[in-house]
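Hi,

Here is the structure I promised to pass on. Have a look at it first, and then read my notes underneath.

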Amino acid sequence: MSQIPMQYHTAYTWTGQGEGGEIAIDGHAPLAVGSPHDSARFSPEHLLVIAAETCLANYVLVIAGMSKLEIKDYRSTAEGELLQEDKIGYRFKRIVIRPELTVAAGSEAQGQRILEKSHKLCLIARSLNCPVEMEPSIKGS
């Protein structure tokens, strides 16, 4: 296991045009970033929602593995809702993650507990200044 405190390093380089840039992370392909109005690049707003959604998924998969729960399928959608406050500007009002978990028939209650535990433990959700809500769907097959 990694030493605590862990550190994450990134490097931003402006492309020289508009709001386009690239994020470099050692060992990874560059990530094209920009404003929310540039469909060819990821915006910081999208990356924040992605971080919360991916964090929940990671916790679900790790905790399910530790709990010996076989995940037959996991997918999710997420949305971040912005609001504009007078004299402050934009901020996230909330993020909603909708995980869809498929487990063996009869394991739905265990799947629900794992989703709830994962939601409480999610590092990204606990680090944000807006509520991160979960609207799960669990089915057995």
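Below are my notes on a pocket, a surface patch and some salt bridges.

First, the ground rules: this is a predicted model, where local features need pLDDT of at least 70 and side-chain atom pairs count only at pLDDT 80 or more, while totals for chains, interfaces and linings use all residues. Residues are numbered from 1 along each chain as its sequence is written, and side-chain values use heavy atoms, with hydrogens and water left out.

Let's start with the pocket. The largest one has a volume of about 700 Å³. (A pocket is an open set of points on a 1 Å grid over the protein atoms alone, where a 1.4 Å probe fits, with protein on both sides within 12 Å along at least five of seven lines; lining residues have an atom within 4 Å of a point.) Its lining has 15 residues, and those closest to the centre are Tyr 8, Ala 51, Cys 55, Leu 123 and Ile 124. Two elements, α1 (44-66) and α3 (123-127), each give two or more residues to that lining, and α1 gives the most, with nine. (Helices, H or I, of at least four residues and strands, E, of at least two are DSSP runs, numbered from the N terminus.)

Tyr 8 turns up again on the surface. It sits in the segment before β1 (11-14) and is exposed, at 66% relative accessible area. (Exposed is over 50%, buried under 20% and partly exposed in between, with a 1.4 Å probe and protein chains only.) Together with Ile 4 and Met 6, Tyr 8 makes a nonpolar surface patch of about 400 Å². (Such patches join nonpolar side chains, namely Val, Leu, Ile, Met, Phe, Trp and Tyr, within 5 Å, from residues with over 30% relative accessible area and no salt bridge.)

Now the charged pairs: there are eight salt bridges in the structure. (That is a side-chain nitrogen of Lys or Arg within 4 Å of a carboxyl oxygen of Asp or Glu.) One of them pairs Arg 98 with Glu 79, with the closest N and O atoms 3.1 Å apart. Arg 98 is in strand β5 (residues 89-103) and Glu 79 in strand β4 (residues 71-85), so this pair ties together parts 19 residues apart in sequence.

Glu 81 is partly exposed, at 27%. It forms a salt bridge with Arg 94 (3.1 Å, N to O) and another with Lys 93 (3.7 Å, N to O). Shared partners join Glu 81, Lys 93, Arg 94 and Glu 133 into one network of salt bridges.

Cheers

Conventions:
Grid points are joined across faces, edges and corners, and a volume is the space filled by probe spheres set on the points. Patches are made of residues with over 30% relative accessible area and no salt bridge: like charges are joined within 9 Å, nonpolar side chains (Val, Leu, Ile, Met, Phe, Trp, Tyr) within 5 Å. Accessible areas come from the Shrake-Rupley method with a 1.4 Å probe; for residues, only the protein chains shown count as cover.
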